[in-house]
Each structure stands twice: as structure tokens, then as C-alpha cells.
Amino acid sequence: MNKEHCSKLERMYLQANINTKIFDTTTVKISEGMAQIGLEISEKYFHALGAIHGSVYFKLLDDAAFFAVNSIIEDAFVLTTSFNINIVRPVNNGLITAIGKVKFTSRNLFVAESTLYNQDGKEVAFGTGNFAKSKIGLSEKIGYK
């Protein structure tokens, strides 16, 4: 496992505008073929019924699966080509954690799954995504430092 690569991906994730200006990411840990991302729930993520909006579930599940895949690709940024989620239960407080794992790799296709847990360890959502290697190299220009 390349720890330096994973550390650079973690810094890239935390420095992304969406994570500094919109979301208050609490934790990120990336290792070979796996990523874990945590977010403390805030009312700013709620829909009209007082629980987090589906877009928050999607973001965390996609991010965890995405970075699980990018952890095994050290020369290029990956792209999500499709992602499907299933929401099991609402969440309105506490820390939620998405854990992503690579499930399949080939020359041009990477498949990863992720599961989102509430602070009690109960599954609240899960998803599966397809990812492709882009032509964009990992560099300081995109926050990979």
C-alpha cells in the first residue's frame, strides 16, 4: 500500500471546495481499496421533514466508493460513470460514516460499493458505482499534494 498516495488523496478530498464551503466533513481515511468518510449531521442538510436530504446520502456514498477506487490508481483522477443508491432509513442527528470498498477491477472499469452507517452502527443507505480512469493526472493543480 502506498501511504503517501492515500495521504495526498485525503488532503485533496478535505481541500475540495464542496468540502470546505458546503459540507463539514469530520473524518476521511483512505487505504488501499477502501475509504471511510464521516460527516456530523447539521440541520443545514435537512429537507422539509427534518432529516438529511438524499443528496447528502449520495455524496457520502459516492465519495467513499470513488476514493476507494482512486486509492488503487496512482497516476490519474477517476470519474464516476454511474452510481445507484438505496436509502434504508432517515437520519437527523449524530455522525454518519460511509465506508467504500473496491469490488471489481478491469482495464477500463472499476466497480465499488459503499455503505452509510449512523452513529449507532445501523446501516442507513448503500450504493454501488462504476468508475473509469480519466486522462487527468493526479497533480498539485487539483489538490493532490
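**Close-up 1. Asp-63, a buried acid in helix 3 of this predicted model.** Asp-63 has a relative accessibility of 12%, under the 20% cut-off, so Asp-63 counts as buried. Its partner is Lys-59: the two side chains meet in a salt bridge, with N to O at 2.4 Å. Lys-59 is buried as well, with a relative accessible area of 8%. Both residues sit in helix 3, 4 residues apart, which is about one turn of the helix. Side chains of opposite charge can pair when their charged atoms come close.

**Close-up 2. Helix 1 against helix 3.** Here we have helix 1 (residues 3-15) and helix 3 (residues 54-70), with axes that come within 11 Å and cross at roughly 150 degrees. Angles over 145 degrees count as roughly antiparallel, so that is the label for this pair of helices. The crossing of helix 1 past helix 3 is right-handed. Which residues meet here? From helix 1 come His-5, Leu-9, Met-12 and Tyr-13, and from helix 3 come Lys-59, Asp-63, Phe-67 and Asn-70. Sorted by type, the contact residues give 4 nonpolar, 2 polar and 2 charged. Lys-59 and Asp-63, the salt-bridge pair from the previous view, are among the helix 3 residues in this contact.

**Close-up 3. Lys-133 and Asp-75, joined by a salt bridge.** The N to O distance for this pair is 3.1 Å. Lys-133 belongs to strand 6 (residues 123-137), while Asp-75 is in the loop between helix 3 and strand 3 (76-87), so the pair ties together parts 58 residues apart in sequence. Buried or exposed, or something in between? Lys-133 comes out as partly exposed, at 41% relative accessibility. Asp-75 is also partly exposed, with a relative accessible area of 49%.

**Close-up 4. Lys-103 and Glu-113, a salt bridge linking two strands.** The side chains of Lys-103 and Glu-113 meet with N to O at 3.6 Å. Lys-103 is in strand 4 (residues 95-105) and Glu-113 is in strand 5 (residues 110-117), and the two residues are 10 apart along the chain. Lys-103 has a relative accessible area of 52%, over the 50% cut-off, so Lys-103 counts as exposed. Glu-113, with a relative accessible area of 32%, is partly exposed. How many salt bridges does a search of the whole structure find? The search finds 5, including Lys-103 with Glu-113.

Terms used
Residues are numbered from 1 along each chain as its sequence is written. This is a predicted model: local features need pLDDT of at least 70, side-chain atom pairs count only at pLDDT 80 or more; totals for chains, interfaces and linings use all residues. Side-chain values use heavy atoms; hydrogens and water are left out. Axes are lines fitted to C-alpha atoms, for helices over the stretch in contact, and angles run from 0 to 180 degrees between N-to-C directions. Angles under 35 degrees count as roughly parallel, over 145 as roughly antiparallel, 65 to 115 as roughly perpendicular and the rest as oblique. A crossing is left-handed if the near helix is turned anticlockwise from the far one by less than a right angle, and right-handed if clockwise. Contact means heavy atoms within 4.5 Å. Ala, Val, Leu, Ile, Met, Phe, Trp, Tyr, Cys and Pro count as nonpolar, Asp, Glu, Lys and Arg as charged, and the others, Gly among them, as polar. A salt bridge is a side-chain nitrogen of Lys or Arg within 4 Å of a carboxyl oxygen of Asp or Glu. Buried means under 20% relative accessible area, exposed over 50%, partly exposed in between (1.4 Å probe, protein chains only).
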